[in-house]
Amino acid sequence: MDARVNLLNGLPVEAAKPRRPSRAEAEAAVRTLIAWAGDDPSREGLLETPGRVIRAYDEFFAGYEQDAGAVLSKTFKEVGGYDDIVLVRDIPFNSHCEHHMVPFVGKAHIAYLPHDGVVGLSKLARLVEVFARRLQTQENLTAQIVDAINEHLNPRGAAVMLEAEHMCMSMRGVRAHGASTVTHRFTGVFAEDRVEQDRFFAMTGTR
Ligand SMILES: Nc1nc2c(ncn2[C@@H]2O[C@H](COP(=O)(O)OP(=O)(O)OP(=O)(O)O)[C@@H](O)[C@H]2O)c(=O)[nH]1
Ligand SMILES: [Zn+2]
């Protein structure tokens, strides 16, 4: 049997992606959660809340409609032969953990060694947004950023480090306030050469 065929309806798996609910259905779901929390969704102060929450979701999860390739599509070649590290550090981001759907908030440091032109600096911050504005794990977010840089810029190396506080660890559960999670991924020259790794740590002030 072809594993790519959905058993229930015989459609290809791509077609089995759940239907996107309507805005009215999404707002109804928020009313259900308000009631579950113990409040009255019909009281005056909460009447407009479902609409606001869904509009907030439009922003929090805008990344599903965005494409990393489009963000990194324009490169510049006139850089005076510059081929050393380009690093943008302390890029603020917020995302939502896919386990609890609560925020994790932090900063990203992104470096690459240009090979075939450079990209506008703001595009590295935009790239973080493309993937942060989805349901995520920090590890996956780190990997997706570095993979997109490699795919679209073909650099000699790329390095990404994220430092973030997860609200699911501070506001609930273990309540480890102030604990931060650090992830990093090195590829190309950054993976092969400890000297380049050390330069990255030194330039980001993370060692
Ligand atoms: N690896 C990883 N884990 C995450 C991330 N965000 C949240 N988590 C963890 O996901 C785990 C989910 O664990 P579960 O045991 O299924 O859920 P839980 O009972 O709510 O866990 P607690 O948070 O320990 O109360 C927790 O340990 C979270 O800290 C992330 O970005 N990466
Ligand atoms: Zn979580």
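What follows is a short tour of a predicted model, from its overall layout down to a few individual residues.

The model is a prediction, so local features are taken at pLDDT of at least 70 and side-chain atom pairs count only at pLDDT 80 or more, while totals for chains, interfaces and linings use all residues. Residues are numbered from 1 along each chain as its sequence is written, chains are lettered from A and ligands are numbered from 1 in the order in which they are written. As for confidence, pLDDT (the predictor's confidence in each residue, from 0 to 100) averages 94 over the chain, and 93% of the residues score at least 70. For the complex, the predictor gives an ipTM of 0.91 and a pTM of 0.91.

The chain splits into domain 1 (19–60) and domain 2 (69–204), with bounds that come from an automatic or database domain assignment. Their C-alpha centres sit 33 Å apart, and the C-alpha trace of the chain spans about 65 × 50 × 35 Å along its principal axes. There are 8 helices and 7 strands; these are DSSP runs numbered from the N terminus, with helices being H or I of at least four residues and strands E of at least two. Of the 207 residues, 22% count as buried. Burial here goes by other C-beta atoms within 10 Å of a residue's own, placed from the backbone: 20 or more is buried, 12 or fewer is exposed, and anything in between is partly exposed. Contacts (C-beta atoms, placed from the backbone, within 7 Å) are often long-range in sequence: among those between residues at least 6 apart, 67% join residues at least 24 apart.

Now for the ligand. The shell around ligand 1 is made up of C97, H99, T137, Q138, E139, H166, C168, M169, G173 and V174, where membership takes a C-beta atom, placed from the backbone, within 6 Å of the ligand. Helices α5 (138–153) and α6 (167–170) each supply at least two of these residues. By type, the shell has 4 nonpolar, 5 polar and 1 charged, with Ala, Val, Leu, Ile, Met, Phe, Trp, Tyr, Cys and Pro taken as nonpolar, Asp, Glu, Lys and Arg as charged, and the others, Gly among them, as polar.

The largest nonpolar core (a set of buried Ala, Val, Leu, Ile, Met, Phe, Trp, Tyr and Cys residues joined through C-beta atoms within 7 Å) has 31 residues, and L127, I145, A159 and V160 touch the most other members. Two or more core residues come from each of α3 (68–71), β3 (103–113), α4 (121–132), α5 and β6 (157–166). Leaving out residues up to four places away in sequence, V160 touches A108, I110, T142, I145, V146, H184 and R185.

Two backbone angles are worth a look, because most residues other than glycine have a negative phi. D90, in strand β2 (residues 86–97), has a positive phi near 60°. D90 is exposed, with 11 other C-beta atoms within 10 Å. N154 is also not a glycine, yet has a positive phi of about 45°. N154 lies in the loop between α5 and β6 and is partly exposed, because it has 15 C-beta neighbours inside 10 Å.

Strand β2 also holds P92, which counts as exposed because it has 11 C-beta neighbours inside 10 Å. P92 and R31 are 61 residues apart in sequence and 32 Å apart in space, C-alpha to C-alpha.

Notes. Contact = placed C-beta atoms within 7 Å.
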